[in-house]
Amino acid sequence: MHIAVEKRLRSPYRRVTLCQTRRGGRFWLKRVERFAPHLWLVKGRPEKAFDRDRRSHRFLWNYGMPVPRIVAEGLGFIAIEDAGASLTKLCQSTSVTMAEKLRACRAAGRALARLHAVDLAHGRPAFRDMCWDGRQIRFIDFEYFVPVKAGRLRKARDVGIAILSALSQGASGPRYAHCILSAYRLANERQPQVLPEPCPVRNRQPHIW
């Protein structure tokens, strides 16, 4: 892991890169975004946005929410385990069956309900921010996450974003949206079973450089 991270950090800059260790493990390396200083007035300082995303990721992991594990981090970068394909890529793929796509969408609805059951909201759960590994949905990208109790409005906004993102996936969009919404509603009816669970992978302390 250390060698793979160091090699990528010495390579030409890319904000997000898929990396692989010698043993075949895959992880994503995220770095502080670089843009012209005049854009700070519009987008804010990139270092602050990066740190906010990292803190939110840690918060959700420690809360037992479905997010990928942080495997390494350091000044200006963070490495997280590969959580599979985003729902956007999955639903656009011609090699994935419709049954599998709908299964992933139902899992997305349950994952969102699980997050809302503990009064938290993702902030922007679009299809590109939900990843499927064939077993579970995990959330990524938390620049809009706020670690405070989420009311009905923020939860409704989450659901609305997920549904609109589903509908934008072409002709099958309405089927994806229906799966997400029906799974979300069913999970809410069974709220005691949606409360925090231990993450499937034990959280080990990340390497920090």
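This report describes strand pairing, cysteines and salt bridges in a predicted model.

**Strands**

Strand β1, which covers residues 16-20, pairs with strand β2, residues 26-31, in the antiparallel sense, and five bridges hold the pairing. Within this pairing, Leu18 has Trp28 of β2 as its bridge partner. The hairpin that β1 and β2 form has five residues between the strands, and Gly24 there takes a positive phi near 95°. Strand β2 is also joined to strand β4, residues 77-81, by five bridges, and these two strands again run antiparallel. Here Leu29 finds its bridge partner in Ala79 of β4.

**Cysteines**

The structure holds zero disulfides. Cys19 is buried, with a relative accessible area of 5%, and Cys131 is likewise buried, with a relative accessible area of 5%.

**Salt bridges**

The count of salt bridges in the model comes to twelve. The table lists some of them, with the distance between the closest nitrogen and oxygen atoms.

| Acidic residue | Basic residue | N to O distance |
|---|---|---|
| Glu73 | Arg54 | 3.3 Å |
| Glu81 | Arg138 | 2.9 Å |
| Asp119 | Lys155 | 2.6 Å |

The salt bridge between Glu73 and Arg54, at 3.3 Å from N to O, has one partner in strand β3, residues 70-74, and the other in helix α3, residues 46-62, so the pair Glu73 and Arg54 ties together parts that are 19 residues apart in sequence. Both Glu73 and Arg54 are buried.

Glu81 and Arg138 form a salt bridge whose closest N and O atoms are 2.9 Å apart; this pair links distant parts of the chain, with Glu81 in strand β4 and Arg138 in strand β7, residues 137-139, 57 residues apart. Because buried means under 20% relative accessible area, Glu81 counts as buried at 14% relative accessibility, and Arg138 counts as buried at 7%.

In the salt bridge of Asp119 with Lys155, the closest N and O atoms are 2.6 Å apart, and this pair too links distant parts of the chain, since Asp119 lies in the loop between α5 (98-117) and β6 (130-132) while Lys155 lies in helix α6, residues 152-167, 36 residues apart. Asp119 counts as partly exposed at 25% relative accessibility, whereas Lys155 is buried, with a relative accessible area of 17%. Elsewhere, salt bridges that share partners join Asp51, Arg54, Arg58 and Glu73 into one network.

Conventions: Residues are numbered from 1 along each chain as its sequence is written. This is a predicted model: local features need pLDDT of at least 70, side-chain atom pairs count only at pLDDT 80 or more; totals for chains, interfaces and linings use all residues. Side-chain values use heavy atoms; hydrogens and water are left out. Two strands pair if DSSP finds at least two bridges between them. Helices (H or I, at least four residues) and strands (E, at least two) are DSSP runs, numbered from the N terminus. A disulfide is a pair of cysteine sulfur atoms within 2.5 Å. Buried means under 20% relative accessible area, exposed over 50%, partly exposed in between (1.4 Å probe, protein chains only). A salt bridge is a side-chain nitrogen of Lys or Arg within 4 Å of a carboxyl oxygen of Asp or Glu.
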